[in-house]
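Subject: Structure handover

Hello,

Here is the structure I said I would pass on. Please look through it alongside the notes.

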Amino acid sequence: MKIDINAKPKEVKKGNFNYSNIQSEYGCNTLYFTKNGKPYTIVAGELHFSRLPKERWRETLLKMQDCGLNTVSTYVFWNYHEEIKGQFDFKGNKDISAFLQICKDIDMPCILRIGPWCHGEVIRGGFPKRINLLAKKRCDNEKYLNEVKEFWQGLYKEVAPFLDGKTVIGLQLENEYTGPTSHIKTLRKIAEEIGFKVPFFTMTAWPSGVPYDDFLPMMGGYPDAPWNRGKSALKPNNRFAITPAKTEDEIGGDLFKSNKSEEGVYDYVPYASCETGPGNQVTQHRRPYISEKDGYGVGFAKFASGLNLLGYYMFCGGSNPNDRLMQENRLTFYPNNYPIVDYDFQAPLSRYGECRAHGDRLRLMHLFIREFDNEICTKQAYFPKWKSGNPNDISFLKCSVRADENGCGYFFSSTYEKGLKYNDFKDVNVTFNIGDKSVKLPSIDIKAGSMFFYPFNIKIGSVNFDYILAQPIAKIQKDGKVSCYFAECEGIEPKCVANGREILLSFDKENIIDDVSIIVIPFEKAKNFHFINGEPYFLDGTVYCDNGTVYQEQISAIDLKDEIEFSKTQKRKLPYNYFLYSTGKREYYKLVLPKDILKDNFDIRLEFDFLGLNLQVFSADTIINDYFNIDKKFVMYLRDYKKYIDKDNTLIIRTSPKTKFGISNVYNEIDIPLDSNYLSLKSAKVVRLNTV
């Protein structure tokens, strides 16, 4: 297969942007972002402080840093903080000031998404009930704007010390807004009059499809669309495609008809995203399962396509407060039913802080940005001409090159699309043309389902490499020598051409080429690679570093299952039966835990085999957890529930079955048997927190 990629670099200009209202170290031009005047890629992950126990904020942010993120983004839900007019609540898990203080302490800048309407699968999109009852809202109605101003004034008192241009670096106004942008400008004027000062005012680029100089447009795209009304697998739609298209026509499709922008309209603003999905929150009627490749694939494709602000939603899952109903549901006239408590989102970091396989894989890409080529954002993305726009056409390779004007860069390839099965591509020969230079890349066979990139025409140390057939992760310069870490490109033998000489690269050893050492890590082993304080580590489990100490959370072989009583029990009168969303018979289970189970253990991971539709977990009459079944198992860590277990060590689990008809006739990507309530405790593994 012969592929030609012909580069036509666009002119990079300063840009006539009015994104900022403060002097800061951050800036941008029409292509990329800067920090202290140098090119900078922002890698941001969404974590909702109000959906996470305050005690775990610091460790979770540090876990995100270990995954290569350098920024956190978070919603500020109005009805979490001022449900009753004038009564502000910034205590406990809602203490945004304490959250931002941690961000400042660990140098993790934050993008605040302050609404006033947020969505985020929260009841009424985050509006207090009184606001939702207004006849005119989300518009320049004086009564509505006065309410917004009062809320933001209360919020400002909490966040003002962190509007220093370093801690809070972005402010998103509204979300998925369908009205005239003049209203967003009104909101910005109110925010500025109150005192909000940030390097970037932002807005979602959908559904308007038109960029404005006053707001950085933020894109999005997800591996699936659980908000879709149908109950069958989605048809492929290039969700994972490496493509010059920047906007997705499906995102937000549950709330409005998407308006796809004309091609090229966003070419003269930096390519930024606030909702690149490494996961999905499942709805009652749609249950997609996010695999490692699903969770990695969208972010990889967007990065390969030139994205320079990677904004993941969600990067860490969470849970809704259980003191009142806060989840979006159809009873409140929104189109989807969601769990009451669970907001795991199948995110790279689970709601309990466990790093999943796609988090490990995303870390490799983020480390490349931070530790190998921190000027990758200056390299524009170029694409071959597509054979067709048909999403089902798998006859040609979706690929790109990100390169500078000297022809130095990286080749990206993807043969993965959820719902499609590619064939292998044999003898792929790529020619990259830029200016008067023509670069012929090595002929390779590309395995179906693979996603990778490798460098070409690159100089490391004193060595000129025509190419290195492995994916770069990190490099260290020490004592006049450069040590480089690479991951195996799946299915491709690692080799390079250095100074005109072809060299086969061995795994897990130093391949010395003059003053350069290349270490190629096998594909699976690379997922355990961490780079902390300039040093490489190979560690399984979930890892983070705090004040120089490296911590490792590991699931041990110690199983306390036999110390736990688990059995069916009689029917109980419990609240929220409706929110099991099933017409089938309920079953009740009793889980009796040893009273001191958490005394000498960092955490306990319970795993159940579950063949029902939905379940709820109660401590006495208080719902503490729930789950919409996606993969025939239910996982629950106990540390977050210590206050309940200390008070009452017996938990009740209520389950409901999937049925053939009615509300519980749902789409499961992984099939769930009909009319089953089967629940069985499989294991109760001790989680250790070790120092390395």
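The notes below go through sheets, a helix packing, a cavity, a salt bridge and some backbone details.

Please keep in mind that this is a predicted model.

Sheets and hairpin

One open sheet has 5 strands in the order 32-33-42-36-39, with antiparallel pairing. Its edges are strand 32 (542–546) and strand 39 (633–637), each of which pairs on one side only. On average, and with direction ignored, neighbouring strands of this sheet are turned by 25 degrees against each other. Within the sheet, strand 36 (residues 603–610) and strand 42 (residues 679–691) run antiparallel and are joined by 8 bridges. Phenylalanine 608 has leucine 681 in strand 42 as its bridge partner.

A helix also meets this sheet. Helix 1 (residues 57–66) lies across strand 32 and strand 33 (549–559). The angle of helix 1 to strand 32 is about 105 degrees.

Another open sheet is made of 3 strands, ordered 2-3-4, and here too the pairing is antiparallel. Strand 2 (26–28) and strand 4 (38–40) are at the edges with a single partner strand each, so one side of each has no neighbour in the sheet. For this sheet the average turn between neighbouring strands is 45 degrees, direction ignored. Strand 3 (residues 33–35) is joined to strand 4 by 3 bridges, and the two run antiparallel. One bridge pair can be named: threonine 34 is partnered by proline 39 in strand 4.

There is also a hairpin to look at. Strand 19 (residues 425–434) and strand 20 (residues 437–440) run antiparallel, with 4 bridges joining them. Threonine 431 stands opposite lysine 440 of strand 20. The hairpin has 2 residues between the strands, and glycine 435 takes a positive phi near 60 degrees there.

Cavity and salt bridges

The cavity count, taking those of 30 Å³ or more, is 8. The second largest cavity has a volume of about 90 Å³. Its lining consists of Tyr296, Arg361, Leu364, Met451, Gln471, Ala487, Glu488, Phe523, Ala526 and Lys527. Helix 8 (357–372) and helix 9 (523–526) are the elements that give two or more residues to this lining. Sorted by class, the lining of the second largest cavity has 6 nonpolar, 1 polar and 3 charged residues.

Arg361 from that lining also turns up in a salt bridge. What is the partner of arginine 361, and how far apart are the closest N and O atoms? The partner is glutamate 292, and the closest N and O atoms are 3.3 Å apart. Glutamate 292 belongs to helix 7 (residues 292–304) and arginine 361 to helix 8, so the pair ties together parts that are 69 residues apart in sequence. As background, side chains of opposite charge can pair when their charged atoms come close. The model has 46 salt bridges by the rule applied.

Backbone details

Two cis peptide bonds are listed here, together with one positive phi.

- The bond from glycine 115 to proline 116 is cis, with omega near 20 degrees. Proline 116 is in the loop between strand 7 (110–113) and helix 4 (129–132).
- Tyrosine 313 and methionine 314 are joined by a cis peptide bond, with omega about -15 degrees. Methionine 314 sits in the loop between strand 13 (309–312) and strand 14 (318–319).
- Asparagine 238 is not a glycine, yet has a positive phi of about 60 degrees. Asparagine 238 is placed in the loop between strand 10 (216–221) and strand 11 (273–276).

Regards

Conventions:
Residues numbered from 1 in each chain as written. Predicted model: local features only at pLDDT ≥ 70, side-chain atom pairs only at ≥ 80, totals over all residues. Heavy atoms only, no water. Pairing = 2+ DSSP bridges. Axes fitted to C-alpha atoms, helices over the stretch in contact; angles between N-to-C directions. Contact = heavy atoms within 4.5 Å. 1 Å grid on protein atoms, 1.4 Å probe; cavity = no way out; pocket = protein on both sides within 12 Å on 5 of 7 lines; lining within 4 Å. Points joined across faces, edges and corners; volume = space filled by probe spheres on them. Nonpolar A, V, L, I, M, F, W, Y, C, P; charged D, E, K, R; others polar. Salt bridge = Lys/Arg side-chain N within 4 Å of Asp/Glu carboxyl O.
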